[in-house]
Amino acid sequence: KHTLSRCNSIAGGSEVENQRTFGAYYSLSGKTKAVAQSLATTLRADIEEITPVSPHGQGFVGYLQAVLAAIFRQAWAVRPTRHAIADYDLVLVGGPIWVGRIAAPVQGWLRANRLPSNCALAVFATFGGFASEKAFPELEALAGKTAIARLEIRDRDRAEGLASKLIDAFVRSLAAAKWPS
């Protein structure tokens, strides 16, 4: 399994060395996937894409289905996770924010996968417009725990070349966070 030892070295030392990390993410456009892959590389995390059981439309139709599901808080059924979440110390969960809500497949994944009490949660999201203040609290409520770190990357941040700086700050915040015992 993978560890957060790189996170430890970035932060200048903390007690997160040898923490095993798993990341689950959903990405419709590929933007969240790029963030998830960057986090997985930096944190040396096992990573898995959240895949809906039923395929949804592509392009505008797929986006419309996704937005409606988010508005009405409809969690999509997702394929089972291949990794045993209980084997990890930190679980990263991420996806796009649609109309102020976390994506329906992420909601479905969280409903299907209960995080162990001794496992820390960190969350990340991508979005184009304005994020709702409700998206992360709803995600945390579905997970049944408060995240030790949050990462938001707007399309504007990516266009201005700020994504990597935001990811680095997120990794540093993981190293500085209080982890469950």
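**Exercise 1.** What does the accessible surface of the protein come to, and what percentage of it belongs to carbon and sulfur atoms?

*Solution.* A word on the ground rules: this is a predicted model, where local features need pLDDT of at least 70, side-chain atom pairs count only at pLDDT 80 or more, and totals for chains, interfaces and linings use all residues. Residues are numbered from 1 along each chain as its sequence is written, and side-chain values use heavy atoms, leaving out hydrogens and water. Now take the accessible area (Shrake-Rupley method, 1.4 Å probe). The total is about 8,800 Å², and carbon and sulfur atoms hold 51% of that.

**Exercise 2.** Work out which pattern the protein follows along the sequence.

*Solution.* Begin with the inventory: 7 helices and 6 strands, taken as DSSP runs (helices H or I, at least four residues; strands E, at least two) numbered from the N terminus. Then read along the sequence to get α-β-α-β-α-β-β-α-β-α-β-α-α.

**Exercise 3.** Place E140 in the structure: is E140 buried or exposed, and which residues does E140 contact beyond its neighbours within four places in sequence?

*Solution.* First, find E140 in helix 5, which covers residues 135–143. Next, check its relative accessibility: at 10%, E140 counts as buried (under 20% relative accessible area; exposed is over 50%, partly exposed in between; 1.4 Å probe, protein chains only). Then list the contacts (heavy atoms within 4.5 Å): K145, T146, A147 and R150. Finally, look at two of these partners. The side chains of E140 and R150 make a polar contact of 2.8 Å, while a polar atom of the E140 side chain lies 3.0 Å from the backbone nitrogen of A147. Here a polar contact is a pair of N or O atoms within 3.5 Å; within protein, one must be able to donate a hydrogen and the other to accept it, and residues adjacent in sequence count only if both atoms are side-chain atoms.
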